[in-house]
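Student: I have a model open on screen and would like to work through it with you. Can we take it piece by piece?

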Amino acid sequence: SVKGYEYAPGQYVIFTKAELKALEEQSTDSTGIESFVPVGAVDPSFFEKTYYLSPGKGGAKAYSLLVRAMAKTGRAAIARHVARGKENVVAIRAVAGVLVMHQLRYVDELRPPEDVPVAPVDVSEKELALAVRLVEQTAVDVFRPEEFKDEVRERVRAAIQKKIDGGGEITA
């Protein structure tokens, strides 16, 4: 089995599995912190995946010190983390006494806002004031994720339970 990269229309560079394996990063089971930034400094557009981190054997004190220092300073760590043969840039935050790692996208993986076509329009001060009032009427100070449920998943689960309880076909 081979994989290829199209570098020009109809022209490919071909790689074998062995060649691709040789290009992968070697997992080091460590995360190298590069810097600490204010917690809100990373635009959420860069967040790709989120993981909870726990201390390794014998690492509880260092973990606790890092969590507390980051919480006290309001800083997040920017680090390099190798997983599954790929080096990722990550942001690590202290949240409720634990470390949360966000795998980040690279800049070239995001479409820049300038690429989004938006036609210029005139907006009156009166229209803007009305829009601001509408926003303020539904504004809240805290995001409460528990208020949102995946309604489609709930309907599917209910349908599954209905079939289990005798309303439909079940196969082994």
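Tutor: We will go through a helix, a pocket, some paired strands and a loop, in a model that is predicted.

Student: Which end-to-end distance do the C-alpha atoms of helix α2 show?

Tutor: Helix α2 covers residues 60–73, which is 14 residues. At 1.5 Å a residue, α2 should span 20 Å. The model agrees with that, as the C-alpha atoms at the ends of α2 are 20 Å apart.

Student: Which residues of α2 are buried?

Tutor: To count as buried, a residue needs under 20% relative accessible area. In α2 the buried residues are Y63, V67 and M70.

Student: Why do these buried residues sit on the same side of α2?

Tutor: Look at the directions around the helix axis. The buried residues lie on the same side of α2 because they cover an arc of only 75°.

Student: And which residues are exposed on the other side of α2?

Tutor: Here the cut-off is over 50% relative accessible area. On that other side, the exposed residues are K61, A62, L65, R68, K72 and T73.

Student: What follows α2, and near what value is its phi?

Tutor: The residue after α2 is G74. Its phi is positive, near 70°.

Student: How much space lies in the largest pocket, and which residues are closest to its centre?

Tutor: The largest pocket holds about 290 Å³ of space. It is lined by 12 residues. Those closest to the centre are L53, S54, P55, Y63 and L99.

Student: Which element gives the largest share of the lining of that pocket?

Tutor: Two elements, β3 (31–38) and α2, each supply at least two lining residues. The largest share is three residues, and it comes from α2.

Student: How many residues in the lining of the largest pocket are nonpolar, polar or charged?

Tutor: Sort the lining by class. It has no charged residues, four polar ones and eight nonpolar ones.

Student: How many residues of strand β7 are buried?

Tutor: Strand β7 runs over residues 98–104 and is mostly covered. Of its seven residues, the number buried is six.

Student: In which sense does β7 pair with β4 and with β6, parallel or antiparallel?

Tutor: Strand β4 (residues 47–53) joins β7 over six antiparallel bridges, with Y52 opposite V100. Strand β6 (residues 86–95) joins β7 through seven bridges. Among the partners there, A94 faces L99 and V90 faces Q103. The sense of β6 and β7 is likewise antiparallel, as it is for β4 and β7.

Student: Which residues take a positive phi in the hairpins of β6 and β7 and of β5 and β6?

Tutor: Strand β5 (residues 75–83) pairs with β6 over seven antiparallel bridges, and A83 stands opposite K86. The hairpin of β5 and β6 has two residues between the strands, and the hairpin of β6 and β7 also has two. The positive phi belongs to R84 in the turn between β5 and β6, at about 50°. In the hairpin of β6 and β7, near 50°, the residue is A96.

Student: Is P44 buried or exposed?

Tutor: P44 lies in the loop between β3 and β4. Exposed means over 50% relative accessible area. P44 has 60%, so P44 is exposed.

Student: What distance separates the C-alpha atoms of P44 and L128?

Tutor: Along the chain, P44 and L128 are 84 residues apart. Their C-alpha atoms are separated by 26 Å.

How values were computed. Residues numbered from 1 in each chain as written. Predicted model: local features only at pLDDT ≥ 70, side-chain atom pairs only at ≥ 80, totals over all residues. Heavy atoms only, no water. Helix = DSSP H or I, 4+ residues; strand = E, 2+ residues; numbered from the N terminus. Expected span 1.5 Å × (residues − 1). Buried < 20%, exposed > 50% of the residue type's maximum accessible area, 1.4 Å probe, protein only. Arc of directions from axis to C-beta. 1 Å grid on protein atoms, 1.4 Å probe; cavity = no way out; pocket = protein on both sides within 12 Å on 5 of 7 lines; lining within 4 Å. Points joined across faces, edges and corners; volume = space filled by probe spheres on them. Nonpolar A, V, L, I, M, F, W, Y, C, P; charged D, E, K, R; others polar. Pairing = 2+ DSSP bridges.
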